[in-house]
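Visitor: Could you take me to the place where helices pack against one another, and look closely at how they are set and which residues lie there?

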Amino acid sequence: MQNTKKAAVIGLGSMGWGAALSLLKAGFTVRGCDVRSEVLARLAENGGTPCTTPASAAEDADAVLIYVVNSKQTEDVLFGQNGALQTARPSTVFLLCTTMAPSATTAIAERLEASGMLVIDAPVSGGHIRALAGEITVMASGAPEAFDRASGVLDAISAKVFRLGDRPGAGSHVKMINQLLAGVHIAATAEAMTLAAKAGIDLKTLYEVIRVSAGSSWMFENRGEHIVSGDYTPRSAVNIFVKDLGIVTSEAGRAGAVTPLAAAALDLFMEASEAGLGLEDDAAVAKILARKSGASLPGVKD
């Protein structure tokens, strides 16, 4: 089976940028597309080929990785004006890395397959640092032929690929559950930190204690540090979890499942977004709780 060495990355945000650099390090020819000219300039500096349209990025590519924000943008970059499908060759492998509702992923995959393309439902997790190191986790599902053809790409960008089925949709289901836990854990971290601040506990000391205790989590270790340092530079923004927890509650409702913790966390993220914090790091939900509690957090003006 042929392994691809020509890849396109559409959407060069934190995760897509990490994938592009990892592919370049692995010896791939990489064409990248993004709406931000400064990001395209950085791609060129790092050896990639900047493209201003998805169609130009997908031209001559063996694999196309989609890292845009949501299902609407995914449809636009694939099927819209100057979309990737206009130039992609038959049997190109499309890796759908965007976090989307499973129903949306399935519908998009069916349109691609009807056009003669191969598809891997491939949402990712691990954060921007692991993405830069080529060590993300991929929750993947798709046809065996697609995995065979994209094995080199997956090896370059990930530390672990979970193969979850032969049809697109299974990967998005698992990613949705991951985002339920991630969103709730971020909200819980913000609540814990805010309560500690209100109680007069030194947050740096609290962080060092909890991160090695039973109450810790991956999100507490990661986002808790952001709150302690007062650094809300967006690695993953508040608005991302407005979208992702919205997917969780919507899909859960459709399936007849009850998700009260996800709903409470979604309310908090939505409140933060409406307060103008949508583009800040998702740990900024702590600012909302601090304001309501009358607590002071590092780096946050009262």
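**Helices side by side**

Guide: In this predicted model, helix α9 and helix α10 are roughly antiparallel to each other (an angle over 145 degrees; under 35 is roughly parallel, 65 to 115 roughly perpendicular, and the rest oblique), because they pack at an angle of about 170°. Helix α9 spans residues 203-210 and helix α10 spans residues 218-229, with their axes 10 Å apart; helices here are DSSP runs (H or I, at least four residues) and strands are E runs of at least two, numbered from the N terminus. The axes are lines fitted to C-alpha atoms over the stretch in contact, with angles from 0 to 180 degrees between N-to-C directions. On the α9 side, L203, K204, Y207 and I210 meet F220, E221, G224, E225 and V228 of α10, where contact means heavy atoms within 4.5 Å.

Two of those α10 residues, F220 and G224, are also touched by T189, which is found in helix α8 (residues 170-198). Leaving aside neighbours within four places in sequence, T189 is in contact with M219, R223 and I227 as well, and T189 counts as buried at 2% relative accessibility (buried is under 20% relative accessible area, exposed over 50%, partly exposed in between, with a 1.4 Å probe and protein chains only).

A second pair can be set beside this one: helix α4 (residues 71-79) and helix α5 (residues 102-114) have axes that come within 11 Å and cross at roughly 5°, and they are therefore roughly parallel to each other. Here S71, T74, E75, L78 and F79 of α4 make the contact with A104, I108, R111 and L112 of α5. Helix α5 also holds T105, which is buried, with a relative accessible area of 0%, and which touches L96, M100, D121, G169 and S172, not counting residues up to four places away in sequence.

D121 is touched by P168 too, a residue in the loop between β9 and α8. P168 is buried at 6% relative accessible area, and with the same sequence neighbours left out, P168 also touches T106, A109, E113, V119, S141 and G142. From K72, P168 is 96 residues away in sequence and 17 Å away in space, C-alpha to C-alpha.

Residues are numbered from 1 along each chain as its sequence is written. Local features need pLDDT of at least 70, side-chain atom pairs count only at pLDDT 80 or more, totals for chains, interfaces and linings use all residues, and side-chain values use heavy atoms, with hydrogens and water left out.
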